[in-house]
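Q: I'd like to learn how to read a contact between two copies of a chain. Can you walk me through one?

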There are 4 protein chains.
Amino acid sequence: MAMRSLKWVGMLLALTGALTSSEALAKPLALVGGTVIDGTGQAPIPNGVVILDGDRIVAVGRVGELSPPRGATVVDTKGKYIIPGLMDANVHLFLDVESEVLIRYDGHYEDLILEAAQVALKNGLTTVFDTWGPRQELTAVKRRIAEGRDQGSRIFLAGNIVGFDGPISEDFFVAAAPVIGQAYTDRLNAMWVQGTGRDLLYLAPETVGERIAKYLRESPVDFVKYASSGHVNEAFIAFSPASQKAIVDTTHAASLTAQAHTTSIESLRLAIDAGVDLVQHCDSTGPVPIPASTIAMMVDRKVACAAMIQTQDHLGWAKTHNRRPGFSEAAGITDVNDRNLIRAGATLLLTTDSGVFAPSSYASPILAEMLSAPDLPTRMGDAHFLWLKAASELGMSPMDALQAATSNIAKAYGKSADLGTVQPGKLADLVVLNADPLANPANYRAIAMVIENGAIVDRDKLPVRPVLTTPAHP
Amino acid sequence: MAMRSLKWVGMLLALTGALTSSEALAKPLALVGGTVIDGTGQAPIPNGVVILDGDRIVAVGRVGELSPPRGATVVDTKGKYIIPGLMDANVHLFLDVESEVLIRYDGHYEDLILEAAQVALKNGLTTVFDTWGPRQELTAVKRRIAEGRDQGSRIFLAGNIVGFDGPISEDFFVAAAPVIGQAYTDRLNAMWVQGTGRDLLYLAPETVGERIAKYLRESPVDFVKYASSGHVNEAFIAFSPASQKAIVDTTHAASLTAQAHTTSIESLRLAIDAGVDLVQHCDSTGPVPIPASTIAMMVDRKVACAAMIQTQDHLGWAKTHNRRPGFSEAAGITDVNDRNLIRAGATLLLTTDSGVFAPSSYASPILAEMLSAPDLPTRMGDAHFLWLKAASELGMSPMDALQAATSNIAKAYGKSADLGTVQPGKLADLVVLNADPLANPANYRAIAMVIENGAIVDRDKLPVRPVLTTPAHP
Amino acid sequence: MAMRSLKWVGMLLALTGALTSSEALAKPLALVGGTVIDGTGQAPIPNGVVILDGDRIVAVGRVGELSPPRGATVVDTKGKYIIPGLMDANVHLFLDVESEVLIRYDGHYEDLILEAAQVALKNGLTTVFDTWGPRQELTAVKRRIAEGRDQGSRIFLAGNIVGFDGPISEDFFVAAAPVIGQAYTDRLNAMWVQGTGRDLLYLAPETVGERIAKYLRESPVDFVKYASSGHVNEAFIAFSPASQKAIVDTTHAASLTAQAHTTSIESLRLAIDAGVDLVQHCDSTGPVPIPASTIAMMVDRKVACAAMIQTQDHLGWAKTHNRRPGFSEAAGITDVNDRNLIRAGATLLLTTDSGVFAPSSYASPILAEMLSAPDLPTRMGDAHFLWLKAASELGMSPMDALQAATSNIAKAYGKSADLGTVQPGKLADLVVLNADPLANPANYRAIAMVIENGAIVDRDKLPVRPVLTTPAHP
Amino acid sequence: MAMRSLKWVGMLLALTGALTSSEALAKPLALVGGTVIDGTGQAPIPNGVVILDGDRIVAVGRVGELSPPRGATVVDTKGKYIIPGLMDANVHLFLDVESEVLIRYDGHYEDLILEAAQVALKNGLTTVFDTWGPRQELTAVKRRIAEGRDQGSRIFLAGNIVGFDGPISEDFFVAAAPVIGQAYTDRLNAMWVQGTGRDLLYLAPETVGERIAKYLRESPVDFVKYASSGHVNEAFIAFSPASQKAIVDTTHAASLTAQAHTTSIESLRLAIDAGVDLVQHCDSTGPVPIPASTIAMMVDRKVACAAMIQTQDHLGWAKTHNRRPGFSEAAGITDVNDRNLIRAGATLLLTTDSGVFAPSSYASPILAEMLSAPDLPTRMGDAHFLWLKAASELGMSPMDALQAATSNIAKAYGKSADLGTVQPGKLADLVVLNADPLANPANYRAIAMVIENGAIVDRDKLPVRPVLTTPAHP
């Protein structure tokens with residue numbers, strides 16, 4: 001073993017070295033000496049070796065048992081920790097729909113989306129699931145990244161939340177409608193809605209199914225998210241149970257996963273009954289905690305729960321800031337739900353609803369107070385670290401938390417074949433940390449290296465063309 | 001026969017005569033010579049005799065076969081038409097919740113309610129079902145009328161629509177909230193909500209059931225109306241199917257009928273599935289007509305459909321006045337639904353949502369345009385005549401229309417033992433018309449006499465203490 | 001002297017005794033033994049005697065020099081302080097124009113006005129000048145009090161502020177307009193405007209003069225207040241200089257005093273130039289202190305300055321509560337102005353803008369924050385005490401402060417013949433205090449007795465019919 | 001003469017010919033044979049010759065009396081009419097401050113301004129006076145045009161209207177403030193305000209004068225426009241008379257002309273008294289016509305009146321569209337004022353308040369109704385033609401109208417040395433018409449050629465880079 005080590009010396013690269021993406025792709029890459037936490041839940045592999053070839057992981061083993069192939073570039077990861085690329089089950093690469101942002105960047109939304117995907121990647125998120133945004137622009141950026149034309153977190157996208165109207169509508173920010181132009185409002189809303197808006201709520205279930213099938217044929221998305229409850233009107237149910245089932249079945253028939261937006265215990269239960277694969281903010285149920293029977297349903301049916309777990313610092317703030325009626329009370333209930341879900345063994349997913357906010361939005365009448373909160377849970381690039389901190393505070397085991405941020409998400413989204421673990425055959429998405437994430441969730445921030453599709457990411461360059469982010473942004 | 005007729009001559013009373021209520025109650029009353037249309041759907045009885053004693057009908061027959069009892073007061077109804085007292089399945093005795101009205105008459109809502117009940121009675125409505133209003137004030141007036149302390153249409157009441165917040169809330173007119181005082185708003189809303197507001201939407205079905213059971217024990221109402229869909233947010237569903245069933249079952253367990261507010265085809269279907277006895281504005285389904293299968297369900301399960309049938313004049317106006325997005329389109333769909341429901345043989349009920357509007361409201365920014373519409377379908381005292389006209393325009397048979405305004409309503413509300421037909425044993429609620437209502441629905445307006453509880457109503461004196469109504473009011 | 005004192009013993013009355021108004025009017029009243037501070041500015045008269053007969057003061061002297069007339073009722077005021085009845089140069093007996101109050105008490109505004117006048121009297125204000133309110137209702141109450149039909153502070157009134165529209169207009173609270181009925185809004189505004197609204201701003205000066213002359217002939221008021229600056233739009237000037245002069249001249253021609261509403265240094269200067277007798281809130285000049293030259297003008301021309309002097313506690317609050325842009329800054333400038341005005345020897349008048357607020361208004365979105373301020377300067381019954389405290393804090397001499405609250409006001413309003421001092425021939429309006437007001441302004445609160453028109457006021461009974469005030473109200 | 005004509009034949013150019021600007025500048029240009037209406041008011045010169053050299057007019061005469069210099073390019077204008085370049089005393093090259101436009105073109109306002117200047121030039125306006133807009137951007141475009149880097153109407157600019165806050169303020173469109181970002185709003189408003197906003201209204205006159213002097217030193221403008229009345233608050237007066245005088249005197253001391261924004265007869269009179277050179281929309285006085293004495297003042301003091309004369313078609317519309325209270329009434333008064341001003345011989349100036357509107361604004365809630373009006377008087381490129389039509393309808397003599405659009409404006413703005421007439425020594429700004437404008441004002445639209453600074457404008461190419469204008473735009 002000592003001998004072999006010596007042989008490698010000449011090839012060892014400092015993590016901050018000059019290895020470029022193209023070099024990395026050209027020949028195999030071997031990460032040697034670190035502790036591998038592979039995301040399957042099994043014990044960490046000390047003194048591990050991970051060998052990448054092309055965009056795949058080809059071997060995982062221990063020093064002494066597995067050698068890097070001839071010609072491989074060897075990276076010394078001694079004292080470091082290798083984990084699967086992090087994932088976020090719920091981001092909005094275009095989140096800041098303040099009027100100023102919408103109009104100012106009209107025609108340039110792809111730039112904003114790409115910037116957000118780069119902020120994500122820089123912070124270890126190699127895959128993000130975008131659950132509400134302009135479908136065509138998101139798809140364009142997804143392709144630019146997938147085809148290597150741009151760097152950024154791998155994107156899967158839902159487009160609209162089926163059943164909701166666009167950003168400047170009663171489902172979101174209706175106050176802007178009389179101020180910004182009607183023609184523009186209509187065009188803008190259409191970018192989100194893509195023919196799947198609130199009018200679907202009026203239809204018969206079979207018609208809803210037909211509309212979704214047509215939509216999936218003509219307007220490709222990676223998964224479907226629909227409204228089980230209202231957004232602004234969060235006490236209400238959106239689609240009827242039969243319509244929810246029609247959406248889920250049609251989505252499954254197209255080999256996609258289906259998820260629901262829920263904000264009450266009944267909209268949550270209906271979504272589970274409809275057969276969704278995962279529930280977004282399953283833990284947000286207004287003033288009433290989730291009944292034990294519903295938690296049991298989630299566990300039994302293995303419906304993944306994308307939970308908006310927040311740090312105690314943030315909850316403390318939320319409980320004293322009644323931003324709207326019931327806000328602070330709801331924060332307490334979310335906390336109760338999260339503890340109950342963890343205790344019951346529900347499959348939790350790291351989910352943040354995060355995005356990049358324009359500097360101007362920090363002075364916006366709509367967003368300013370929220371954006372001033374401690375441990376702000378929705379700022380892209382920081383939010384996933386806070387989630388992991390919060391999970392730890394709630395008593396989730398470190399290994400469960402790591403899986404919630406990796407393999408659980410891959411599984412819930414039907415992407416386990418390629419993503420979520422450090423195992424041979426998987427896409428080579430890895431994060432190398434300078435400290436043990438299982439010892440302290442703060443160590444997720446100690447990123448030494450991010451590898452996406454087998455290529456080492458030059459994090460210092462991201463985001464490449466900052467638009468909304470300032471140097472101070474994470 | 002001729003002989004007996006002669007004997008009666010001395011006792012004959014002009015319909016406009018001096019018979020007072022107390023006299024009427026003192027001795028039997030016989031209506032002799034008119035055509036009796038008894039509300040059962042059977043052929044009219046020409047030359048009929050109806051004998052009342054106390055507050056009941058004691059006999060119905062033909063001249064020559066049935067004689068008035070000795071000492072009876074005989075009313076000559078030759079050339080006239082005797083029908084059951086008219087009913088309205090959906091009124092709001094306190095409808096005008098404009099800020100000015102609410103505040104001005106604070107503490108005096110009973111006066112407004114009584115006035116509306118008198119406007120109704122004056123126009124032939126001997127029974128009205130109030131489906132949304134302040135429970136305690138409505139109950140007080142109901143009792144004043146029931147106990148003979150005041151005259152007015154017999155009242156059955158629901159109080160709140162379970163699941164909705166009060167008049168100055170997001171479910172109704174939220175714009176007034178920042179202008180009128182918070183303390184007053186809270187107190188006012190509580191008069192309507194009575195503990196059955198929007199917070200129930202968040203609860204588990206069994207908890208909803210418990211809350212309703214407690215409510216029915218502590219806050220007596222005559223029937224329960226709940227929100228199957230939103231009011232302002234009419235595309236959304238309010239209670240989940242399981243919660244709807246819990247409400248209906250609890251209501252039935254308390255021996256009351258249950259009805260739902262629905263505004264979409266799915267909220268309609270869910271309500272039927274939940275087992276409601278009737279559906280309010282079953283024909284209001286936004287932009288989508290009711291599927292044939294749902295109409296068939298209504299017919300099969302004999303769920304009564306309280307339909308907002310409107311005259312073609314009004315529809316013509318509505319179709320060109322897009323008061324809010326979709327308004328004019330929805331008017332056309334309502335028309336389609338009504339025709340389909342009639343064709344399918346659904347049990348329709350006359351329902352008007354009507355009330356008395358303050359003169360000031362005709363200049364209100366919220367109501368002015370609506371109140372200027374031709375054949376305004378929501379003005380108490382006129383609305384039921386328009387409904388009968390509209391039903392005729394849609395091709396409903398004259399006899400069906402009469403039953404929709406009488407026996408169908410009694411049956412749907414579980415009041416057939418006492419109300420709805422001109423049959424022995426029933427309460428003596430009658431309307432005597434000067435012309436045949438089966439020949440022309442306009443003849444319902446030709447009221448010669450209204451009898452409630454066996455007493456002839458002095459219509460000229462109603463309303464006794466006009467508050468909102470002006471002399472010009474019907 | 002001792003002898004004479006003995007004679008009186010049998011006639012001495014406890015201040016809290018049973019003397020009724022009618023008894024008081026029946027025979028002369030002598031206040032014996034107290035210190036008289038007569039409001040002329042001369043030194044207090046220890047051991048004083050004040051003799052009242054009917055509604056007038058007939059003699060003022062010292063014990064030993066002046067004896068009560070035979071048959072007089074003698075009140076022992078030893079150890080007490082007799083001052084002129086207090087005055088307030090600026091109240092609004094109907095101030096709370098929140099929608100709820102306006103509508104709820106529509107038709108009963110006189111009750112609210114009388115209540116406020118009684119709150120004032122109870123707290124030592126024997127005369128108030130109402131500078132904005134519904135002219136006819138105020139006049140009715142003024143007469144009821146003047147004719148002895150009701151008790152209350154003597155009222156002089158302006159009606160509208162000429163140039164402004166009514167309470168529910170852009171000059172005051174326009175937000176309520178779309179919520180409350182238009183017909184009602186129009187009627188309400190007309191009660192204030194009385195034909196002297198904003199439309200006058202458009203007219204030529206001579207036309208303005210003609211309109212005012214006609215108004216004064218047809219709609220009697222006691223003095224005229226006009227808009228030199230805007231109210232909501234306080235940076236703007238309302239009437240042009242020539243129009244201001246036309247208003248003042250016309251008013252003087254009708255033997256009335258004229259005053260202006262000013263909120264900037266230029267509107268203040270224009271008003272002085274126009275010849276006004278007094279300026280309301282002369283010290284409110286937004287972000288800019290009054291130039292020395294303008295203060296000199298006020299002093300030279302003896303234009304009285306009704307200053308909104310506020311306590312340091314209140315100013316401290318105001319400086320940290322930026323209720324609207326510039327609010328806190330303006331509070332600091334008012335303080336500077338007040339100090340400069342005092343230093344320059346300007347004739348200051350106690351002025352409070354005070355009124356009675358409904359309990360509901362303390363939760364109103366418009367008023368709640370303001371009403372929660374410490375040393376709230378606009379609450380009728382308390383505000384004048386705070387003014388005297390504030391004046392002391394600013395270094396105004398105790399005697400000047402007393403005159404600002406009495407003789408200065410009488411003089412500025414042209415009422416010196418009857419009011420403002422404790423001198424023979426004046427109306428018998430007196431306040432008897434238990435402690436020396438010159439020693440400590442807090443002693444103005446130590447009211448032992450209030451005499452109006454020669455009659456002792458039964459303060460415990462006031463207000464006689466509380467509407468807006470609660471027991472806790474001062 | 002015939003001989004000389006023959007000599008010219010070879011050099012004659014069709015008006016639509018290939019002469020480029022650079023050629024035009026290279027050698028003298030002679031317009032030969034047309035009727036010259038020189039703007040001085042003297043009779044037209046038939047068969048005229050106008051000789052240009054460089055950017056100046058060097059000679060004006062008649063064929064036969066004046067020959068083109070050797071080497072001159074000769075343009076045959078037989079049958080045509082040569083008039084001075086048209087002017088507009090009041091345009092807004094950046095007028096459309098809808099939120100969508102503001103944000104979308106943030107950073108590109110110069111493009112919008114240049115586009116508007118090109119629309120103006122294309123339609124015969126060789127000089128425009130911009131009376132409200134962003135100073136720095138306007139100045140930049142003015143220079144680009146003045147230095148020949150871009151083509152466009154010659155610009156003189158005021159920047160802000162002194163005393164008003166920016167576009168998103170209570171002086172203009174405050175409703176947008178809560179919707180668009182505060183930081184952006186602040187930055188935007190500052191572009192207009194340039195330190196001369198509403199806060200000046202609070203200052204003492206001498207301080208106002210100092211502020212203006214400093215402003216003129218540091219922020220060059222071509223003339224000063226200030227608020228004599230409010231904009232949104234049009235009944236109010238803005239600056240006090242003394243402050244108005246300080247502004248005018250300071251402006252004159254800087255050798256600039258001063259003008260006022262007035263909207264009432266008193267603000268008009270105050271401005272005249274303050275010594276302004278011209279008054280913008282002198283004819284807009286709300287509900288009251290200008291008194292004869294004030295018209296006489298304008299005439300005597302030769303204060304130019306920039307009148308918003310509108311066509312009878314437009315007035316007819318305005319009188320039936322009460323867009324806001326008093327709108328239709330005010331339209332009638334403007335008409336009365338215009339007739340009186342013409343009759344009295346006031347110096348009227350063509351003034352339009354015109355600008356270019358974005359296509360989106362035609363659907364804007366603020367502008368849509370106004371922009372749909374017939375003979376819309378504020379659309380750049382069309383508005384001045386409508387003014388000339390309207391002036392004719394009111395009976396203004398054709399020659400007076402032509403001077404109102406040319407020499408009167410030059411004189412009022414102190415630009416007579418260079419502009420306003422077709423006289424030797426003046427800048428060579430000319431319009432050649434195909435038909436006689438004195439015969440029919442519609443003939444102003446029959447533009448054959450526009451010459452600015454001696455160069456023939458290629459009108460077909462304007463605007464060079466359309467941003468807001470569509471092909472359909474004039």
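**Reading the A–D interface**

A: Sure. Keep in mind that this is a predicted model. The count between chain A and chain D is two salt bridges. One of them joins Arg104(A) to Asp106(D), with the closest N and O atoms 2.2 Å apart.

Q: Which elements give two or more residues to the side of chain A that touches chain D?

A: Those are helix 3 (99–104) and helix 6 (182–193) of chain A. Helix 3 gives the most, with four residues. By residue type, that side of chain A splits into nine nonpolar, three polar and four charged.

Q: How do I put a size on the interface of chain A and chain D?

A: People often quote the accessible area lost when the parts come together. Here chain A and chain D bury about 1500 Å² between them, and 61% of that lies on carbon and sulfur atoms. On the chain A side, Ile103(A), Arg104(A) and Val179(A) supply 37% of the area buried against chain D, more than any other three residues. As for contacts, 16 residues of chain A touch 17 residues of chain D.

Q: What turn and shift lay chain A on chain D?

A: In general, two copies of a chain are related by a rotation about an axis and a shift along it. In this case a turn of 180° and a shift of 0.0 Å along the axis lay chain A on chain D, with an RMSD of 0.0 Å. That's the relation of a two-fold axis. Within chain A, Arg104(A) has the C-alpha nearest the axis, 2.4 Å from it.

Q: Through which surface do the copies meet?

A: The same one, because 100% of the interface residues of chain A are also interface residues in chain D.

Definitions and conventions: Residues are numbered from 1 along each chain as its sequence is written. Chains are lettered from A and ligands numbered from 1 in the order in which they are written. This is a predicted model: local features need pLDDT of at least 70, side-chain atom pairs count only at pLDDT 80 or more; totals for chains, interfaces and linings use all residues. Side-chain values use heavy atoms; hydrogens and water are left out. Contact means heavy atoms within 4.5 Å. Buried area is the accessible area (1.4 Å probe) that two parts lose on being put together, summed over both. A salt bridge is a side-chain nitrogen of Lys or Arg within 4 Å of a carboxyl oxygen of Asp or Glu. Ala, Val, Leu, Ile, Met, Phe, Trp, Tyr, Cys and Pro count as nonpolar, Asp, Glu, Lys and Arg as charged, and the others, Gly among them, as polar. Copies are superposed by least squares on the C-alpha atoms of residues with pLDDT of at least 70 in both.
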